[in-house]
Amino acid sequence: MTSPRRLLLVNGPNLNLLGTREPAIYGTATLADVERVTTDAAARRGFEVRAVQSNHEGVLLDEIHAARQDCAGIVINPGGLTHTSVVLRDALSGVGLPVAEVHISDVRAREDFRHHSYVADVALVHVVGEGVAGYATAVARLIDIITGQVEG
Ligand code: CA2
């Protein structure tokens with residue numbers, strides 16, 4: 001079967017609050033802006049995007065599992081689950097799709113507890129601290145891997 005030209009975009013807990021608070025850390029863009037930036041970047045390469053945001057870990061797991069059926073890769077900002085969730089990591093590893101991990105803020109320059117990511121070593125692409133534009137970077141790098149233009 002040929003690889004579907006579709007990506008799953010996953011935004012984790014609290015990212016629905018983007019643009020409403022903490023602009024010094026996360027900027028002023030909203031979740032809708034994030035989804036548009038991601039969708040436009042994918043469209044430039046002929047891919048579509050299915051976007052999900054949830055504050056419930058189980059919903060995110062179900063969406064990741066379902067992506068096996070019809071997606072070629074996953075772009076994920078796991079939010080705070082980045083630093084806590086073995087089950088999210090296991091889901092990503094379990095579906096076997098290429099993963100790009102995105103963080104809007106520079107987690108390396110923030111509190112110590114944000115320095116560890118359970119997702120990092122199951123992701124092939126890491127984009128940190130580029131703001132919302134980082135989602136477009138992640139899409140481009142992930143599609144390069146999916147289409148075989150860069151080794152994963
Ligand atoms: O920098 C990122 O993208 C993060 O994944 C965002 C998470 C944070 O826990 C990670 O350490 C880094 C938090 C998302 C919450 O976003 C908010 C946005 C506006 C107001 C409140 C929360």
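The expected span of a helix is 1.5 Å times one less than its number of residues. The model used in these exercises is predicted.

**Exercise 1. Check the span of helix H2, then find its buried face.**

Step 1. Helix H2 covers residues 31–43, which is 13 residues. From first C-alpha to last it reaches 18 Å. The value expected at 1.5 Å a residue is 18 Å, and H2 comes close to it.

Step 2. Apply the cut-off: buried means under 20% relative accessible area. In H2, this holds for Leu-31, Val-34, Thr-38, Ala-41 and Ala-42.

Step 3. Look down the axis of H2. The buried residues fall within an arc of 100°, so they line one face of the helix.

Step 4. Identify the cover. Strand S1 (6–11), strand S2 (48–53) and helix H5 (133–146) are among the elements that cover the buried residues of H2.

**Exercise 2. Describe the largest pocket and its lining.**

Step 1. Its volume is about 410 Å³.

Step 2. The lining has 20 residues; Pro-13, Asn-14, Leu-15, Tyr-26 and Arg-114 are the closest to the pocket centre.

Step 3. Sort the lining by class: 7 residues are nonpolar, 9 polar and 4 charged.

**Exercise 3. Examine phi in the loop between S1 and H1.**

Step 1. Take Asn-14, which lies in the loop between S1 and helix H1 (23–26). Its phi is near 75°, a positive value in a residue other than glycine.

Step 2. Take Glu-22, found in the loop between S1 and H1. Glu-22 is not a glycine, yet its phi is positive, about 55°.

Step 3. Classify the accessibility of Glu-22. Its relative accessibility is 37%, so Glu-22 counts as partly exposed.

Note on methods: Residues are numbered from 1 along each chain as its sequence is written. This is a predicted model: local features need pLDDT of at least 70, side-chain atom pairs count only at pLDDT 80 or more; totals for chains, interfaces and linings use all residues. Side-chain values use heavy atoms; hydrogens and water are left out. Helices (H or I, at least four residues) and strands (E, at least two) are DSSP runs, numbered from the N terminus. Buried means under 20% relative accessible area, exposed over 50%, partly exposed in between (1.4 Å probe, protein chains only). The arc is that of the directions from the helix axis to the C-beta atoms. Contact means heavy atoms within 4.5 Å. On a 1 Å grid over the protein atoms alone, a cavity is a set of points where a 1.4 Å probe fits but cannot get out, and a pocket is an open set with protein on both sides within 12 Å along at least five of seven lines; lining residues have an atom within 4 Å of a point. Grid points are joined across faces, edges and corners, and a volume is the space filled by probe spheres set on the points. Ala, Val, Leu, Ile, Met, Phe, Trp, Tyr, Cys and Pro count as nonpolar, Asp, Glu, Lys and Arg as charged, and the others, Gly among them, as polar.
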